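Please open the model in your viewer and keep the selection tool at hand. The stops below can be followed in turn.

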Amino acid sequence: MEFYLSERGGKVLGFQGHEYIFHRKINGTVHWRCRHYRKFNCHSKMRTIDDENHEVTAEPTEHSHDSFPQKIKANVAMQMMKETMNSVGANPRNVMGTVLQEMKLSQEVKAHMPKKSSIERTLNRVKKAGGNHIPNPVTAQKREEEIVKEVEKEIEKEVEKEIEKEIEKEFEKEIEKEIEKEIEKETEKETEKEVEKEVEKETEKETEKETEKETEKETEKEIEKETEKEIEKETEKETEKEIEKEIEKETEKETEKETEKEIEKAVEKETQKEIEKEIEKEVEKEMKS
Ligand SMILES: [Zn+2]
């Protein structure tokens, strides 16, 4: 947390890389609002207790823009230069040199500072304005040390935050990877199951078809056997009939022959009787004569 004055002399609060300007004070609480509420149409606000410790009673609400930690450091450096100008024998050039050297500002922070000529003009104006002020070198030096410490702390915090963010990102990535792997595994399992089911279905169908074919073949064989048997029976019957007919014919022939013989015999007998009668008649004739 840093406090400094704006160019117009308003109170500025630097906190977590953002700048807030004094808005109002109610019952010992200071209401701050984002310094860039106009520039970025930002509605971020925060509150502190109005005492030495400036305890934060309401954390800042969300900003509509990025933070500018380097800008705050640059402003702190400017404030330190202004305060150092009150030291005995101070002039813009040596003040600038001392502060920039002691604060060890990075190029990024320096980029947020005004041009050297502009700083010089500002510091000369401060010198003139504070002309009646009795400089106190000890206080100035203490203030310098304090500001350096504050800036160092601020930098440390920034670095820590960066590291935390990196760790969080890494952790998030790890978790995402784990989740992705889990999902992949699940998907693979699902796919495997699907494939297995498909294979099972195919196999079942194949088996069913095989069984059907087997059954069909069996049935065909049965039918064939039945048919063969039927044919055999038919053939047998036919043969039997044939044989019977043959036998009948034979019997008929036999009977005919028998009958013929009977007739022949009968004829022979008749013929003999006739002959005998003829003979008898002849004999009677003989006798009579
Ligand atoms: Zn803001």
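Begin by selecting strand 4 (residues 29-34) together with strand 5 (residues 45-49), which pair in the antiparallel sense over five bridges; two strands pair here if DSSP finds at least two bridges between them, and strands (E, at least two residues) as well as helices (H or I, at least four residues) are DSSP runs, numbered from the N terminus. Within this pair, T29 stands opposite I49 in strand 5. This is a predicted model, in which local features need pLDDT of at least 70 and side-chain atom pairs count only at pLDDT 80 or more, while totals for chains, interfaces and linings use all residues. Residues are numbered from 1 along each chain as its sequence is written.

Keep strand 5 selected and add strand 6, its antiparallel partner over two bridges, where T48 stands opposite V56. Between these two strands the hairpin has six residues, and H54 there takes a positive phi near 50°.

Now widen the selection to the whole sheet, which is open, has six strands in the order 1-2-3-4-5-6 and shows antiparallel pairing. Strand 1 (2-5) and strand 6 (56-58) stand at the edges, and because each has a single partner strand, one side of each is left without a neighbour in the sheet. From one strand to the next the twist averages 40°, with axes being lines fitted to C-alpha atoms (for helices over the stretch in contact) and angles running from 0 to 180 degrees between N-to-C directions.

Move next to strand 1 and strand 2 (residues 11-15), an antiparallel pair with four bridges, in which K11 of strand 2 is the bridge partner of L5. Helix 1 (residues 69-84) packs on the sheet, touching strand 1, strand 2 and strand 3 (18-26), and its direction makes about 60° with that of strand 1; residues are in contact if their C-beta atoms, placed from the backbone, lie within 7 Å.

How many of the 16 residues of helix 1 are buried? The helix is mostly covered, with 13 of them buried, that is, having 20 or more other C-beta atoms within 10 Å of their own.

Finally, zoom out to the whole chain, whose C-alpha trace spans about 230 × 40 × 30 Å along its principal axes. The chain averages a pLDDT (the predictor's confidence in each residue, from 0 to 100) of 88, and 95% of the residues score at least 70. Over residues 131-135, however, the pLDDT is below 50, and where pLDDT is low, the predicted coordinates should not be read in detail.

Notes: Contact = placed C-beta atoms within 7 Å. Buried ≥ 20, exposed ≤ 12 C-beta atoms within 10 Å, placed from the backbone.
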